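Open the model in your viewer and keep the selection tool at hand. The tour moves stop by stop, with something to pick at each one.

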Amino acid sequence: MRAGVMASAANLSSDPAATIADLATSARSAQRVLATMPSEAKQAALMKAAEAVREDESAILAANAQDMAAGEANGLTSAMLDRLKLDEARLEGIASAVEAVAQLADPVGDVIDQSERPNGLKLARVRIPIGTIGIIYESRPNVTADAAALCVRSGNAAILRGGSEAVHSNRAIAAAMARGLAAGGIPEGAVQLVPTQDREAVGAMLTAAGQIDMIVPRGGKSLVARVQNDARVPVLAHLDGICHTYIHSAADPQMARDLALNAKMRRTGICGAMETLLLDTCFPEAASVVAALIDAGCEVRGDARVQALETRVTPASDNDWDTEYLEAVVSAAMVDGVEDAMAHIARHSSGHTEAIVTSDETAAERFLAQVDSAIVMHNASTQYADGGEFGLGAEIGIATGRLHARGPVALEGLTTYKWQVRGSGQARP
């Protein structure tokens, strides 16, 4: 396995801080080269990486089988196991996502805007890579390939620290990506997987100011909370997905049922899964939507008015409105119109994704304008909250904060800019 992607045994210090420092030094060196590589060269290398993932299918699936067996033995939830699981179709999806990133327009060097001052100075803001990005993630082995591809395409070096539950899968995917990227001329050190599962390595990444330029956490509340509390490096946070679907009084009944079922049950373990269903008191088919969810195997925890609709609904506790279940459980409440729905969302949303189902365009536009989440939808399933579905190829996470980037973070979100000033001898008076 290439040392540029997996630290060698010689570099695996008993001191996690020294290990991270070694990785960061290698990343800095590689990133200086990567930042100026032609777009076509990065593109070609990523295509080779995608092909290497396909070629290593047997090894990657065997490694994933080890992780799945360990996960089942350790009592991982069905949602966590679903996030962890790879099969031929999902592995092809990983390779295809790398190819999709390769085909995206390279943001590096884009001129954001330009102007000329009265004194003749010509100013331009130009996109540049952020530098070295540390990605700390849990469960999902596809993040190994997605993060590597996005960082390489945007001229950044990546230091990846995956969760212990996916350690064999991550290493196998990293090995395939390394082989492909090296064949395409990407410098060693551009993408590295932290070679230890020691939790102190995470702490070392978080305090590596001056060595790592940005941290992206992808995982549960405890991981994100630790990163935000301990980091001395800027953080682009991907928080939990407490996503709401509001069925407005003017919703088409069949569409309402279909979207509620898809938003919750298509894949319950993803961050875009609906966790709270809001039903307008004037929507005449509310009971049928609730019944459809229960019939599909979903536990519905409702307020008193929802309980009155369907005897199989169990009472919701105060905590349910603030819970990301990631399984076949949903909280449900009746609301008195758009204003009440938006107020509920404002109290309980994590700022990830919210949807309204309605044929009333005025109500929809009000919802889209006034709900303050990273992604707001009209007549669509919240499961579309995904960088690939947004045409971004892949995502490094869905940012729920308010600075730098929001929603699916892909190539543009991994860049910053610098000012270029061109003069003709101007001296400031």
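What follows is a walk through a predicted model.

**Stop 1: the largest pocket**

Start with the open space. The largest pocket holds about 840 Å³. Which residues should you select to find its centre? Pick Arg140, Asn142, Arg266, Arg267 and Asp386, the closest to the centre among the 30 residues of the lining.

Now colour by element. Helix H4 (78–84), helix H5 (88–103) and helix H6 (142–153) are the elements that give two or more residues to this lining. Which of them gives the most? H5 does, with 6 residues.

Switch to colouring by residue class. The lining of the largest pocket has 12 charged residues, 11 nonpolar and 7 polar.

Then colour by domain. Domain 1 covers 16–236 + 409–419, and domain 2 covers 243–389. Each of these domains gives at least three residues to the lining of the largest pocket.

**Stop 2: Ser139**

Next, select Ser139. This residue is in the loop between strand S3 (132–137) and H6. H6 is one of the helices you coloured for the pocket lining. Check the backbone of Ser139: phi is near 70°, a positive value in a residue that is not glycine. Is Ser139 buried or exposed? Its relative accessible area is 2%, so Ser139 is buried.

**Stop 3: the second largest cavity**

Turn to the enclosed spaces. There are 2 cavities of 30 Å³ or more. The second largest cavity has a volume of about 60 Å³. To see its walls, select Leu160, Arg161, Gly162, Val167, Asn170, Arg171, Leu193, Val194, Pro195 and Gln197.

Strand S4 (157–161) and helix H7 (167–183) each supply at least two of these lining residues. H7 has the largest share, with 3 residues. By class, the lining of the second largest cavity is made up of 5 nonpolar, 3 polar and 2 charged residues.

**Stop 4: the aromatic pair**

Show the aromatic side chains. How many aromatic pairs does a search of the whole structure find? The search finds 1. Select Tyr246 and Phe367: their ring centres are 6.3 Å apart and their planes lie at 25°, so the pair is stacked. The cut-off for stacking is planes under 30 degrees apart.

Trace the chain from each ring. Tyr246 belongs to strand S7 (residues 243–247), and Phe367 belongs to helix H14 (residues 361–370). The two are 121 residues apart, so this pair links distant parts of the chain. Both Tyr246 and Phe367 are buried.

**Stop 5: a charge over a ring**

Select Arg125 and Tyr417. The charged end of Arg125 sits over the ring of Tyr417. The distance to the ring centre is 4.7 Å.

**Stop 6: Leu326**

Go to the loop between strand S10 (314–315) and strand S11 (329–335), and pick Leu326. Leu326 is not a glycine, yet its phi is positive, about 60°. The relative accessible area of Leu326 is 15%, so this residue is buried.

**Stop 7: three loop residues and their distances**

Turn on the distance tool. Use C-alpha atoms throughout.

Begin with Asn74, in the loop between helix H3 (57–73) and H4. Is Asn74 buried or exposed? Its relative accessible area is 63%, so Asn74 is exposed. Draw a line to Glu165: the two residues are 91 residues apart in sequence and 9.3 Å apart in space, C-alpha to C-alpha.

Move on to Gly401, in the loop between strand S14 (397–399) and strand S15 (407–409). Gly401 is partly exposed, with a relative accessible area of 32%. Draw a line to Tyr325: Gly401 and Tyr325 are 76 residues apart in sequence and 21 Å apart in space, C-alpha to C-alpha.

Finish at Arg117, in the loop between strand S1 (111–116) and strand S2 (122–129). Arg117 is partly exposed, at a relative accessible area of 47%. Draw the last line, to Cys271: 154 residues separate Arg117 and Cys271 in sequence, and the C-alpha to C-alpha distance is 47 Å.

Key
Residues are numbered from 1 along each chain as its sequence is written. This is a predicted model: local features need pLDDT of at least 70, side-chain atom pairs count only at pLDDT 80 or more; totals for chains, interfaces and linings use all residues. Side-chain values use heavy atoms; hydrogens and water are left out. Rings of Phe, Tyr and Trp (its six-membered ring) pair if their centres lie within 6.5 Å; planes under 30 degrees apart count as stacked, over 60 as edge-to-face and the rest as tilted. Helices (H or I, at least four residues) and strands (E, at least two) are DSSP runs, numbered from the N terminus. Buried means under 20% relative accessible area, exposed over 50%, partly exposed in between (1.4 Å probe, protein chains only). A charge sits over a ring if NZ of Lys or CZ of Arg is within 6 Å of the ring centre and within 35 degrees of the ring normal. On a 1 Å grid over the protein atoms alone, a cavity is a set of points where a 1.4 Å probe fits but cannot get out, and a pocket is an open set with protein on both sides within 12 Å along at least five of seven lines; lining residues have an atom within 4 Å of a point. Grid points are joined across faces, edges and corners, and a volume is the space filled by probe spheres set on the points. Ala, Val, Leu, Ile, Met, Phe, Trp, Tyr, Cys and Pro count as nonpolar, Asp, Glu, Lys and Arg as charged, and the others, Gly among them, as polar. Domain bounds come from an automatic or database domain assignment.
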